[in-house]
Structures are given as C-alpha cells and as structure tokens.
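Got a structure to poke at, and curious how its labels are earned? Have a look below, then let's go through a few of them.

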Amino acid sequence: MAEFKNRVTYRGQPVTLEGEQEVKEGDIAPDFTVYKGLNASDAVHLSDVKGNVVVLSVSPSVDTKVCAIQLRTFNKQATEMGPGVKVWYVSLDLPFALNRFSAAEGINHVSVLSDYKDREFARKYGVYMKELGLLARSTFVVDRDGKVVFREIVPEMTHEPDYDAALEAVRKAL
C-alpha cells in the first residue's frame, strides 16, 4: 500500500492518505465494490452504471456537519443533472447509518453506499486516511467512457468540496 503525505489535513494537522494509487484526471476509473446494505446481494459496482456519467461524492462520515451538508448539496444538485448522471455518496459509515440518514433527510437523488466491508474504493482511489480510519473528502466525476474527468481531494477535511466545479465537469461530460 502506497502512502501519500502532505496532501490533506484534518483540523490543520497533516493526515496520510493510503491506497494502491492516486486516481487522477485522465485515468480510467478503477472498478470497485461498495454496499447499499449488509448482504452480499447488496453489492454495487462502478461497472454497473457504465455508460452514465457518475459523480463519486466521498466523505469521512455522514454524521458530521460538513459531510451532511455535502450529501444534501449533491442531492439537490442531482435534480439538475439529468437521467444520464448517477450520483453516489461513498463513506465508511455502515449501510444502516447511511440509510437512516437518507430516510430522515429525504435523500432520494443520491445512492448512499458504504465501503465498510473491504475498503476497496479507499484502496483503489488512494483516499483512506490512515490516522483517522476514514475516507478523505473528495469528489470524482467519471464520464460515460469510464474516464475520470474531474478529481478534487479537499485539502482540509473540515471544508466542503467545490460543488460548482464538480457540476461543471458533469455538464462537460454530458
């Protein structure tokens, strides 16, 4: 596992990112498995939505203020993106926590997905924060051909992502 230092901070303190690689703009997005529930039958793969533009909104934990804002904002933006766009919110939260939050908040335009089981997304995208045991706040936009056309690893974990830049990348990918 590679370590990527001096990329992000949490409350001003440097945090080490781990993963097999750093996924960058222009790369083919690695396929991965995440879960919408606790059973094997609840597995979801990036390849399941091939041919769509996909927004991967990644955060440390839905039960924190900034992460909740991030999910709500992408849920609102998803209504503007159209049917050829899938928005996925990925964290290490357990599926029942994600589903509870989504039900309480009326999140119905974003698929909430957990990387809790194998941390495959974290590993393949290089966004696992070693010291915190959480995913780094980030956004990836994958075009219809499976290429990453936008990548933002938010430098400070307590800050929100650049929603406008992600939405602009989606528009260009359509």
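What follows is a short back-and-forth on a predicted model.

Q: How do you know that E8 and E9 pair?
A: Two strands count as paired if at least two bridges link them. Strand E8 (residues 128–129) and E9 are joined by 2 bridges and run antiparallel, so they pass the cut-off. One link to look up is Met129, whose bridge partner in E9 is Leu134.

Q: What makes E1 and E9 edge strands?
A: The open sheet has 4 strands in the order E1-E2-E8-E9, paired antiparallel. Strand E1 (2–10) and strand E9 (134–135) each pair on one side only.

Q: Why are the buried residues of H4 said to line one face of the helix?
A: In helix H4 (residues 163–173), the buried ones are Tyr163, Ala166, Leu167, Ala169, Val170 and Ala173. Down the axis of H4, they fall within an arc of 155°, so they line one face. The general reason is that an α-helix has 3.6 residues a turn, so residues three or four places apart point the same way.

Q: What makes Asp164 and Lys172 of H4 exposed?
A: Exposed takes over 50% relative accessible area. Asp164 and Lys172 get that label, and they sit on the face of H4 turned away from its buried side.

Q: What covers the buried residues of H4?
A: The cover includes H1 and strands E5 (53–58), E6 (85–91), E10 (138–142) and E11 (148–153).

Q: Which helix gives the most to the lining of the largest pocket?
A: Helix H1 (residues 65–81) does, with 3 residues. The pocket holds about 200 Å³ of space, and its lining has 8 nonpolar, 3 polar and 3 charged residues.

Note on methods
Residues are numbered from 1 along each chain as its sequence is written. This is a predicted model: local features need pLDDT of at least 70, side-chain atom pairs count only at pLDDT 80 or more; totals for chains, interfaces and linings use all residues. Side-chain values use heavy atoms; hydrogens and water are left out. On a 1 Å grid over the protein atoms alone, a cavity is a set of points where a 1.4 Å probe fits but cannot get out, and a pocket is an open set with protein on both sides within 12 Å along at least five of seven lines; lining residues have an atom within 4 Å of a point. Grid points are joined across faces, edges and corners, and a volume is the space filled by probe spheres set on the points. Ala, Val, Leu, Ile, Met, Phe, Trp, Tyr, Cys and Pro count as nonpolar, Asp, Glu, Lys and Arg as charged, and the others, Gly among them, as polar. Buried means under 20% relative accessible area, exposed over 50%, partly exposed in between (1.4 Å probe, protein chains only). The arc is that of the directions from the helix axis to the C-beta atoms. Contact means heavy atoms within 4.5 Å.
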